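Here are some short exercises for getting to know a new structure. Try each task on your own, then follow the solution step by step.

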Amino acid sequence: MKIKLAVIGDPISHSLSPVIHTTVLENLGIDYEYEKVRVEKGGLERFLKYAKDANLRGFNLTMPHKVDIIPFLDEIDEEAKRYNSVNTVKIDGERLLGYNTDADGYIRSVEEKGFFFKGKKAVILGAGGAASTIALKLAAEGAEAVTVLNRTAAAAVVLAERIYSQTAKRILTDSLTAESIAEHCKDCDILINGTPLGMEGVSARFESFSFFDSLKKGALVSDFIYKPQMTDFLKNADSRGFKTVNGLGMLIYQGLIADEIFLDRKLDFPELKEKIAQKLI
Ligand code: NAP
């Protein structure tokens, strides 16, 4: 039987989801259709009718639907509830089941570098959608300390309150400047860029990388960005001898975890990751 899947968002033309999911389905020898559907904000109800009529097995979601989908769901898993954000919906008969695989995808990409968050101190730059999800995950699952630095310091404070109400864990917040990064990264084990600074197509850049002079020796440096694969942030870290990890693994793993949900089976992640990476690089 043909398995039909889709990714929805607006804009959607740039989405790399089809590359990830079609590689998986082809490698498993599954007869499939994978569509990219532009669904404007407010267009979910119409899309959901289509999805059920067309017998879709499920769909991936990107901006602007990750929160708006929630009232339409019949069930939402604990991770998605925690982040108030859904990136994967499985359709089971008439029922819509919502999941979020972003944080688990990120954690997996970092663990594969031999880094485990339990008991570690993390500094996260940014308090947007992706950074908030990771900050919540780390606070909930045993990081010793989480610090969030954001251009709009008030947004980091709001995130800290949300994290406290959900996990009873206090995180530190501050504004995002080269000086504040230097101050907070002195004894951190991982420094994470969750802003778009350095991303292809974004003109804004870090003003200085002098903060790497203060970063604890042996710390891991991570960037959510995957285009370019080596951002200036990572290049600077690498040239100073720090281990680095870019956002490609996060992207691929969130997709592979979603496929395990759609297909209800375990997948060979190392093999599939390699095949997907070859197509994305
Ligand atoms: P978002 O929700 O728009 O959040 C952007 C964050 O970056 C906010 O904290 C914002 O601060 C900050 N920021 C934006 N422009 C800035 C600037 N010029 N100077 C300093 N801070 C700035 O974005 P997002 O969805 O979280 O995405 C963030 C990055 O992660 C993007 O590069 C995205 O491509 C990447 N990402 C990667 C993956 C993956 O799978 N690898 C997944 C998701 C996201 P304010 O609060 O002050 O506006």
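**Exercise 1.** Find which atoms of Phe-224, Gly-129 and Arg-151 lie close to N or O atoms of the ligand.

*Solution.* Start with Phe-224: one of its backbone N or O atoms is 2.8 Å from a nitrogen atom of the ligand. Next, a backbone N or O atom of Gly-129 sits 2.8 Å from a ligand oxygen atom. Then turn to Arg-151, where a side-chain N or O atom is 2.9 Å from an oxygen atom of the ligand. Finally, look at the cover: on its own the ligand has 910 Å² of accessible area (Shrake-Rupley method, 1.4 Å probe), and the protein covers 71% of that.

Before going on, please note that this is a predicted model, where local features need pLDDT of at least 70 and side-chain atom pairs count only at pLDDT 80 or more, while totals for chains, interfaces and linings use all residues. Residues are numbered from 1 along each chain as its sequence is written, and side-chain values use heavy atoms, with hydrogens and water left out.

**Exercise 2.** Describe the shell of residues around the ligand by class.

*Solution.* The shell (residues with a heavy atom within 4 Å) holds 12 nonpolar, eight polar and one charged residues. Here Ala, Val, Leu, Ile, Met, Phe, Trp, Tyr, Cys and Pro count as nonpolar, Asp, Glu, Lys and Arg as charged, and the others, Gly among them, as polar. Of these 21 residues, Ala-127, Ala-130, Asn-150, Thr-152 and Phe-224 come nearest.

**Exercise 3.** Is Ser-180 buried or exposed?

*Solution.* First, place Ser-180 in helix α7, residues 178–184 (helices are DSSP runs of H or I, at least four residues; strands are runs of E, at least two; both are numbered from the N terminus). Then check its relative accessible area: at 7%, Ser-180 is buried (under 20%; exposed is over 50%, partly exposed in between; 1.4 Å probe, protein chains only). Beyond its neighbours within four places in sequence, Ser-180 is in contact (heavy atoms within 4.5 Å) with Leu-149, Asp-174 and Ser-175.

**Exercise 4.** Explain why helix α1 is largely enclosed.

*Solution.* Count the buried residues: eight of the 11 in α1 (residues 17–27) are buried, so the rest of the structure largely encloses this helix. Among them are Ile-20, His-21 and Leu-25. Now look for partners: the buried residues of α1 pack against β1, β2, β3, α9 and α10. Just after α1, Gly-29 has a positive phi of about 70°.

Conventions
Polar contact = N/O pair within 3.5 Å; in protein donor to acceptor, adjacent residues only side chain to side chain.
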